[in-house]
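Visitor: I am new to this one. Could you show me around, one question at a time?

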Amino acid sequence: MLTLILAVDQNGGLGYRNRLPWRIPAEMDHFRKTTYGHTLIMGRKTFEGIGKPLPGRTAIVLTKDPSLSYPFESVKTETGMSALFQAAKESEREFFVAGGKSVYEAAYPYADRILLSVIDAQYTVDAFFRMNLTEDFDILEIRRMDGFSVYDYRRRCSA
Ligand SMILES: NC(=O)c1ccc[n+]([C@@H]2O[C@H](COP(=O)([O-])OP(=O)(O)OC[C@H]3O[C@@H](n4cnc5c(N)ncnc54)[C@H](OP(=O)(O)O)[C@@H]3O)[C@@H](O)[C@H]2O)c1
């Protein structure tokens, strides 16, 4: 199963200068609790923005550079993006795509689930996620949190 997990501001803003434009502890806690014990898939820029492995999670970092590797046991690199998304989709385990912009866009056609945090505020941003989710997904649940809402989208089954 392939799940995109992301947060956007009121304008669909995702990031600014390769960082999250906000610091919202409750949203970070939601991300940590949801992904703990799972494998994260992320682009090389997002991983290098974080700068280190996230505790309790393994990471697959996408890069076009086959010689790139990181000195962390829990972090692997991968160049075959589509094959990775397809394998994750076919797995019984849930894999989480954790950004950034280019990787969310590439993973979107494979996503079974999208966990979207919509933050109540607007920020200065230079990266957006503006997919029309209701074309392909149904909302299973909306959870109201402190300063943001979490929308749990599931891909609509085609008849
Ligand atoms: N709001 C959120 O929830 C959230 C979450 C995560 C990130 N973000 C934001 O997203 C922004 C970064 O997004 P981004 O698009 O610039 O960078 P990114 O998606 O994190 O990483 C891009 C890199 O991924 C690799 N890549 C991309 N396509 C590939 C392919 N087809 N095959 C193999 N590797 C591929 C390339 O690495 P190489 O250059 O090494 O080849 C590329 O430079 C930042 O502002 C960050 O803060 C927001």
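Guide: Start in the sheet. Leucine 6 faces a partner in E7: it stands opposite leucine 116. This is a predicted model.

Visitor: How many bridges join E1 to E7?

Guide: The pairing of leucine 6 with leucine 116 is one place where the two strands meet. E1 and E7 run parallel. The number of bridges joining them is six.

Visitor: Which residue in E10 stands opposite leucine 116?

Guide: E7 also pairs with E10, and these two strands run antiparallel. Seven bridges join them. Isoleucine 114 stands opposite tyrosine 153 there. For leucine 116, the residue opposite in E10 is tyrosine 151.

Visitor: What is the order of the strands in the open sheet?

Guide: The sheet has eight strands, with mixed pairing. In general, strands of a sheet pair through backbone hydrogen bonds, either parallel or antiparallel. Here the order is E5-E4-E3-E6-E1-E7-E10-E9.

Visitor: Which are the edge strands?

Guide: An edge strand pairs on one side only. Neighbouring strands of this sheet are turned by 25° against each other on average, direction ignored. The edge strands are E5 (75–78) and E9 (137–144).

Visitor: How many residues of E7 are buried?

Guide: Look at both faces of E7, since each is covered. One side has Arg113, Leu115, Ser117 and Ile119, and the other has Ile114, Leu116 and Val118. E7 is largely enclosed by the rest of the structure, because the buried count is seven of the seven residues.

Visitor: At about what angle does H1 run to E1?

Guide: H1 covers residues 25–35. This helix lies across E1, E3, E6, E7, E9 and E10. The angle between H1 and E1 is about 175°.

Visitor: Which strands does H3 touch?

Guide: H3 packs on the sheet too. Its direction makes about 145° with that of E4. The strands H3 touches are E1, E3, E4, E5 and E6.

Visitor: Is isoleucine 5 buried or exposed?

Guide: Isoleucine 5 lies in strand E1. Its contacts include His30, Phe31, Phe96, Tyr104 and Leu115. The relative accessibility of isoleucine 5 is 3%, so this residue counts as buried.

Visitor: What distance separates the C-alpha atoms of isoleucine 5 and leucine 133?

Guide: Along the chain, these two residues are 128 residues apart. In space, their C-alpha atoms are separated by 13 Å.

Visitor: Which side chain of opposite charge is nearest to glutamate 27?

Guide: Glutamate 27 is found in H1. This residue is buried yet has no salt bridge. A salt bridge needs the charged atoms within 4 Å. The nearest opposite charge is 9.4 Å away, on arginine 143.

Visitor: Which side chain has a polar contact of 2.7 Å with that of glutamate 27?

Guide: Leaving out residues up to four places away in sequence, glutamate 27 touches Ala7, Ser117 and Phe148. Ser117 is one of the buried residues of E7. The polar contact of 2.7 Å is with the side chain of serine 117.

Visitor: Which side chain makes a polar contact with the side chain of glutamate 94?

Guide: Glutamate 94 sits in the loop between H3 and E6. At 17% relative accessibility this residue counts as buried, because the cut-off is under 20%. Met1, Thr3 and His38 are among the residues it touches. The polar contact, at 2.9 Å, is with arginine 113.

Visitor: Which of arginine 17 and asparagine 18 is exposed, and which partly exposed?

Guide: Arginine 17 lies in the loop between E2 and H1, and asparagine 18 is in that loop as well. Arginine 17 has a positive phi of about 50° although it is not a glycine. Asparagine 18 has a positive phi too, about 65°. With a relative accessible area of 63%, the exposed residue is arginine 17; at 42%, the partly exposed residue is asparagine 18.

Visitor: What is omega for the peptide bond from glycine 99 to glycine 100?

Guide: Glycine 100 is found in the loop between E6 and H4. The bond from glycine 99 to glycine 100 is cis. Its omega is near -5°.

Note on methods:
Residues numbered from 1 in each chain as written. Predicted model: local features only at pLDDT ≥ 70, side-chain atom pairs only at ≥ 80, totals over all residues. Heavy atoms only, no water. Helix = DSSP H or I, 4+ residues; strand = E, 2+ residues; numbered from the N terminus. Buried < 20%, exposed > 50% of the residue type's maximum accessible area, 1.4 Å probe, protein only. Lys, Arg positive; Asp, Glu negative; His and termini not counted. Polar contact = N/O pair within 3.5 Å; in protein donor to acceptor, adjacent residues only side chain to side chain. Contact = heavy atoms within 4.5 Å. Pairing = 2+ DSSP bridges. Axes fitted to C-alpha atoms, helices over the stretch in contact; angles between N-to-C directions.
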